[in-house]
Amino acid sequence: MTKLLKWLAWPFVVLMALARWAGGTFLISALALFPVALVAELMFRKHHPWKVHLLTAAGASLVIGAFVGAAAWLGLKFPDLSIPGLAPGVRKGATRGESLTAQGVAALRAAHQLVDDLPRILDDPISVQLVGPDFVSRIAADSERLRDPQVSALRCHVLLRSRYSEDRLAVAVQAGTHQCVIIGAGLDTFAYRQPPWARAMRIFEVDHKASQETKRDMLAKAGVEIPANLTFVELDIEKRSLRETLVHAGVDPTRPAFFSCLGVLVYLTRDAVRDLFRAVAGFPAGSELVLTYAGSVNTDDDPTWLANRARTLGEPWLSGFSAEELVGELREAGFHAIEFLSREAAARYVGNRTDGLEPPRRVRIASARV
Ligand SMILES: C[S@@+](CC[C@H](N)C(=O)[O-])C[C@H]1O[C@@H](n2cnc3c(N)ncnc32)[C@H](O)[C@@H]1O
């Protein structure tokens with residue numbers, strides 16, 4: 001036994017070094033294999049002490065895990081269990097705690113530029129640069145998977161929310177708003193492809209430190225410049241005051257501001273959502289918040305598959321609302337005009353197409369004005 005372990009040690013160390021570059025593949029494989037190896041040990045080598053069983057099972061799973069990791073690094077194909085089009089980086093895992101759901105939705109925006117019909121619901125060439133050539137070739141090789149009805153519905157929602165929010169922002173700017181705060185910005189690309197009407201405005205992207213660091217790395221790798229009117233604001237919304245942090249970062253609380261909060265409320269606790277609403281509603285009249293929300297658990301179209309997927313990525317859904325509950329919370333916080341993007345209005349954005357994109361049965365996108 002000791003001899004065998006010694007014999008395997010060197011190739012193992014080399015393979016481990018290689019597997020390091022295959023991200024989480026090595027560790028995940030090793031962890032998954034350990035119980036299998038232990039059961040096999042207990043079944044077929046009954047008369048050994050526990051220590052030997054444990055050591056052999058650990059050794060075997062590490063060695064096989066290293067082989068799997070090394071093979072992944074060498075580009076060999078394994079069954080891909082991820083939701084098609086969602087989070088291209090998932091197999092490598094989050095390296096510093098960055099949001100993988102943010103990568104997933106960015107991938108869907110990028111896919112839209114590559115595989116869907118014209119005219120686009122959202123013109124976002126930067127998203128393609130951000131996700132990088134690996135993802136682009138994956139899409140090209142496997143575009144059929146994006147036609148899955150669930151993935152199409154999610155893609156359409158993600159496109160609609162950005163498009164609607166950017167259209168509302170254009171109206172707000174015309175009315176004199178000069179500050180835009182993107183809450184939970186993830187890999188939102190508005191700032192990097194901003195139209196001329198946005199240039200006189202200050203843009204603030206709020207997100208976790210880890211997500212922002214990853215975004216900056218991706219921008220640098222893609223050769224995308226950070227515009228002069230953009231400020232990154234590091235914040236865990238659950239932990240610190242949004243208003244104070246924004247003011248500290250340079251947002252003027254005496255002037256109207258436009259806020260977007262797309263695909264974020266669902267990841268916050270009810271208390272944090274209420275605080276966020278109050279913080280935004282505390283801005284002067286003319287301020288606006290465009291948001292998306294998930295239905296309450298009782299609604300018949302609760303997209304459980306998506307909630308499950310988010311949980312496996314380490315980002316569980318924490319809050320959902322019926323439309324009535326949402327209106328109640330917004331009014332309570334101090335918003336006056338609340339408007340939901342109707343299915344008809346969403347259908348106008350989508351237009352007539354043959355790519356299978358159609359507005360979701362329930363469009364959970366809304367705007368609330370102070
Ligand atoms: C699904 S992504 C959406 C990203 C972006 N809004 C978009 O539409 O592409 C959710 C984002 O919310 C951010 N987020 C979630 N919880 C947060 C918190 N407590 N504080 C700050 N950001 C948070 C995540 O880091 C992630 O970037």
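Modeller: A note before we start: the expected span of a helix is 1.5 Å times one less than its number of residues. The model here is predicted.

Biologist: OK, use that on α6. What should its 26 residues span, and how far apart are its end C-alpha atoms?

Modeller: Helix α6 covers residues 149-174, so at 1.5 Å a residue it should span 38 Å. The end C-alpha atoms are 37 Å apart, which agrees.

Biologist: And what phi does Gly176 take, just after α6?

Modeller: A positive one, about 110 degrees.

Biologist: Changing topic, the ligand. Which of the 22 residues around the ligand come nearest?

Modeller: Ser99, Ala102, Gly184, Gly186 and Gly263.

Biologist: Which helix gives the most to that shell?

Modeller: Helix α4, residues 100-115, which contributes 4 residues.

Biologist: How do the shell residues divide into nonpolar, polar and charged?

Modeller: There are 11 nonpolar residues, 7 polar and 4 charged in the shell around the ligand.

Biologist: Now the whole protein. How many helices and strands?

Modeller: The protein has 12 helices and 7 strands. It has 370 residues, and 40% of them count as buried.

Biologist: What share of the contacts with a separation of 6 or more comes from residues 24 or more positions apart?

Modeller: 75% of them.

Biologist: What does the pLDDT average?

Modeller: The average is 86, and 83% of the residues score at least 70. Over residues 75-92, though, the pLDDT is below 50.

Biologist: How many contacts does that stretch have beyond near neighbours in sequence?

Modeller: In the model, residues 75-92 have 40 such contacts.

Note on methods. Residues are numbered from 1 along each chain as its sequence is written. This is a predicted model: local features need pLDDT of at least 70, side-chain atom pairs count only at pLDDT 80 or more; totals for chains, interfaces and linings use all residues. Helices (H or I, at least four residues) and strands (E, at least two) are DSSP runs, numbered from the N terminus. A residue is near a molecule or strand if its C-beta atom, placed from the backbone, lies within 6 Å of it. Ala, Val, Leu, Ile, Met, Phe, Trp, Tyr, Cys and Pro count as nonpolar, Asp, Glu, Lys and Arg as charged, and the others, Gly among them, as polar. pLDDT is the predictor's confidence in each residue, from 0 to 100. Two residues are in contact if their C-beta atoms, placed from the backbone, lie within 7 Å. A residue is buried if 20 or more other C-beta atoms lie within 10 Å of its own, exposed if 12 or fewer, and partly exposed in between; C-beta atoms are placed from the backbone.
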